[in-house]
Amino acid sequence: MKKQGDEELNGMPGRHPLSSLLREDRMPHIWCPGCDIGTVFSSCLTAIHESKIDYNNFAMVSGIGCTGRAAGYIKLDSFHTTHGRAIPFATGLKIAKPRMKIIVFSGDGDLFTIGGNHFIHAARRNIDLTVICVNNFTYGMTGGQVASTTPFNSKTSTTPQGNFEKPFNLPYMAAAAGAVYVSRWTTLHVRRLTGSIVEAFNKKGFSFIEVVSSCPTSFGRRNKLGSPLDIIQHFHKISVIQNGIHPKDANLDISKEIVVGKFVDTEAPTFFDLLEKIYPPETEKGA
Ligand code: SF4
């Protein structure tokens, strides 16, 4: 399907193949060399390009943090919102523009540690959003503080002796709260991740994709994980694809095993389906 801006890609050697989706005037981006956020962002742009949905029908909403900067780099309607509040902004946008495909693209600190309450309620209400969480286990931008996703025993700037708290299992939380589509990939699984994002775009209801990623600067160095390439090779070594398992069994232990795959793909009435039963659109117009 030919999309808005695609003609710009033809006959222009040297330009990024997704340049029609990038605000090139905002480059260079702020992400550190070797950071995995770019990989996830690129997968998301590829999924937008490959989907059958017109670019004009997409919007991206991000919170604060390194991942949150994505909303400023995508050349679509986008909102860089306050810390932890991407989902409430996205919900408001969806209510105002129900036909739009709203992508929430943010980090683990933003979506789960500060914004966890919003996440569980949007999943519970089955609000039609696609939430992509770049989980790099820390607050990268602000200096590598502990988050609700930081692995047990890992060092952060606020847990120099090792984190003694148990992290959330994000797919399990999403599924338990009511998400109709749940998957987890790492930044090694680019093709599968892109396919999963396309599937999530085509899903009616609350879809969630966790992407296990590296923050070589704030998390990797402190935990002696090696170079960005070493980390990707480590993901390759310990990742196990287990599609269809119960998300409670989707283990994530960065020293031993990362279970990835699609865990939930189901149907349920959305918030708007149920709302329209009580307040049919005709009533609204006449009101
Ligand atoms: Fe990426 Fe970490 Fe650098 Fe932020 S601090 S851009 S998450 S490597």
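## Exercises on strand β5 and its surroundings

Four bridges connect β5 to strand β9 (residues 257-265), and the two strands run antiparallel. The exercises below concern a predicted model.

**Exercise 1.** Determine which residue of β9 is the bridge partner of Tyr181, and in which sense β5 pairs with β6.

*Solution.* Begin with the β9 side: Tyr181 has Asp265 as its bridge partner in that strand. Next, turn to strand β6 (residues 207-212), with which β5 forms six bridges in the parallel sense. Within this pairing, Arg184 lies opposite Glu210 of β6. Finally, follow the chain between these two strands: it passes from β5 through helix α7 (residues 190-201) to β6, a β-α-β crossover that is right-handed. Thus β5 pairs in the parallel sense with β6 and runs antiparallel to β9.

**Exercise 2.** State how many residues of β5 are buried, and which of them point one way and which the other.

*Solution.* First, take the strand as a whole: β5 comprises residues 181-186, and six of its six residues are buried. Second, sort the side chains by direction. Tyr181, Ser183 and Trp185 point one way, whereas Val182, Arg184 and Thr186 point the other way. Third, combine the two steps: the residues pointing in either direction are all buried.

**Exercise 3.** Locate Asn126 and decide whether this residue is buried or exposed.

*Solution.* Asn126 is placed in the loop between α5 (116-124) and β4 (130-135). The cut-off for a buried residue is a relative accessible area under 20%. Because the relative accessibility of Asn126 is 4%, this residue counts as buried. The contacts of Asn126 can then be listed, leaving out residues up to four places away in sequence: Gly178, Val180, Gly205, Phe206, Ala268, Pro269, Thr270 and Phe271.

**Exercise 4.** Describe the protein chain as a whole, and explain why it is as compact as a globular protein of its length.

*Solution.* The secondary structure consists of eleven helices and nine strands. The radius of gyration is 19 Å, close to the 19 Å that the globule rule gives for 287 residues; the chain is therefore as compact as a globular protein of that length. Along its principal axes, the C-alpha trace spans about 65 × 50 × 35 Å. Buried residues account for 50% of the 287 residues. Of the contacts between residues at least 6 apart in sequence, 68% join residues at least 24 apart. To complete the description, the accessible surface amounts to about 13500 Å², and 55% of this surface belongs to carbon and sulfur atoms.

Terms used. Residues numbered from 1 in each chain as written. Predicted model: local features only at pLDDT ≥ 70, side-chain atom pairs only at ≥ 80, totals over all residues. Heavy atoms only, no water. Buried < 20%, exposed > 50% of the residue type's maximum accessible area, 1.4 Å probe, protein only. Contact = heavy atoms within 4.5 Å. Pairing = 2+ DSSP bridges. Right-handed = clockwise from strand over helix to strand, strands pointing away. Rg over C-alpha atoms; globule rule 2.2 N^0.38 Å. Areas by Shrake-Rupley, 256 points an atom, 1.4 Å probe, with all protein chains shown as cover.
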